[in-house]
Amino acid sequence: DIYCAGRDGSTKGACVAKRKGLVINDRQLDRCDDLLQRLKEVSGSSFLALISTSGQPITTASDEYHPETLSLASLAASSFAATQQLAKILEENEFTLLFHEGKGLNLHVSQVTDQVLLIVTFGRETQVGKVRLYTQRAIEVLRQIFEGPDDDEGPAMDSGFEADAGLAIDDLFKDL
């Protein structure tokens with residue numbers, strides 16, 4: 001569901017996503033947009049989306065319009081729900097990640113919170129480990145945006161993290 005309200009409570013103003021207590025205000029949405037754009041740049045991803053577990057898009061980051069965003073969100077949420085059921089059958093607490101590898105494109109779906117998923121698509125030329133590393137840090141930050149207090153200074157993927165991540169990636173592949 002989408003809930004629209006101004007800061008004064010009127011129906012004029014910002015639209016926010018709302019689902020079973022999930023309310024995203026303008027500031028949180030701006031922070032999510034900034035983080036997704038940064039993640040897209042550092043990871044080499046082509047399309048990113050935050051969606052609700054019910055399959056509703058919250059926000060996206062892409063260089064070009066993705067006409068099937070609603071379908072992608074719905075199918076990714078459904079697939080994630082099925083994966084959660086597989087975890088229960090296997091007596092696993094939960095699976096928090098889906099990964100699909102294609103001939104030209106890969107799909108990475110991660111759980112951010114109980115109500116939010118992150119979709120990342122990237123080409124075969126992009127290293128999976130690089131995407132996973134940056135995505136994990138982004139999820140930590142996104143969790144704080146959704147679950148933490150809405151303060152003026154929020155967590156960020158800073159340049160220090162980027163340098164540390166680069167060293168970690170280099171270390172992983174030093175023997176290759």
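**A colleague's note on the predicted model**

1. Let's begin with confidence. The mean pLDDT of the protein is 80, and 71% of its residues reach 70 or more. Please keep in mind that this is a predicted model. Over residues 1–13 the pLDDT stays under 50, and for that stretch the model has 24 contacts beyond four places in sequence.

2. Next, have a look at helix α1. It covers residues 26–43, which makes 18 residues, and from the first C-alpha to the last it reaches 25 Å, close to the 26 Å expected at 1.5 Å a residue. At the start of α1, a side-chain oxygen of N25 comes to within 3.0 Å of the backbone nitrogen of R27. After the helix comes G44, with a positive phi near 80 degrees.

3. Which residues of α1 are buried? They are Q28, R31, C32, L35, L36, L39, K40, V42 and S43. You will notice that R31 and K40 are on this list alongside L35, L36 and L39.

4. Now for the sheet. It is open and has 5 strands in the order β5-β4-β8-β7-β6, with antiparallel pairing. At its edges are β5 (57–62) and β6 (97–101), each of which pairs on one side only. On average, neighbouring strands of this sheet are turned by 10 degrees against each other, direction ignored.

5. Two of the strand pairs are worth following on your screen. Strand β7 (residues 105–111) runs antiparallel to strand β8 (residues 116–123), and 7 bridges link the two. One residue pair to find here is V109 with its bridge partner I119 in β8. Strands β4 and β5 also pair in the antiparallel sense, over 5 bridges. For L50, the bridge partner is T59 in β5. The hairpin of β4 and β5 has 4 residues between the strands, and in this hairpin G55 takes a positive phi near 95 degrees. As a general reminder when you look at side chains, those of a regular strand alternate between the two faces of the sheet.

6. What packs on this sheet? Helix α3 (residues 128–147) does, touching β4 (47–52), β6, β7 and β8. The direction of α3 makes about 155 degrees with that of β8. The helix has 20 residues and reaches 28 Å from its first C-alpha to its last, close to the 28 Å expected at 1.5 Å a residue. The buried residues of α3 are V131, Y134, T135, R137, A138, I139, V141, L142, I145 and F146.

7. A residue to visit in helix α2 is T83. Is T83 buried or exposed? T83 counts as buried because its relative accessibility is 10%, below the 20% limit for that class. A polar atom of the T83 side chain lies 2.9 Å from the backbone oxygen of S79. Leaving aside its neighbours within four places in sequence, T83 is in contact with F95 and L98.

8. Finally, please check E91. Where is E91 found? This residue sits in the loop between α2 (69–89) and β6. E91 has a positive phi of about 55 degrees, although it is not a glycine. With a relative accessibility of 76%, E91 counts as exposed, since the cut-off for that class is over 50%.

Definitions and conventions:
Residues numbered from 1 in each chain as written. Heavy atoms only, no water. Expected span 1.5 Å × (residues − 1). Buried < 20%, exposed > 50% of the residue type's maximum accessible area, 1.4 Å probe, protein only. Polar contact = N/O pair within 3.5 Å; in protein donor to acceptor, adjacent residues only side chain to side chain. Pairing = 2+ DSSP bridges. Axes fitted to C-alpha atoms, helices over the stretch in contact; angles between N-to-C directions. Contact = heavy atoms within 4.5 Å. pLDDT = per-residue confidence, 0-100.
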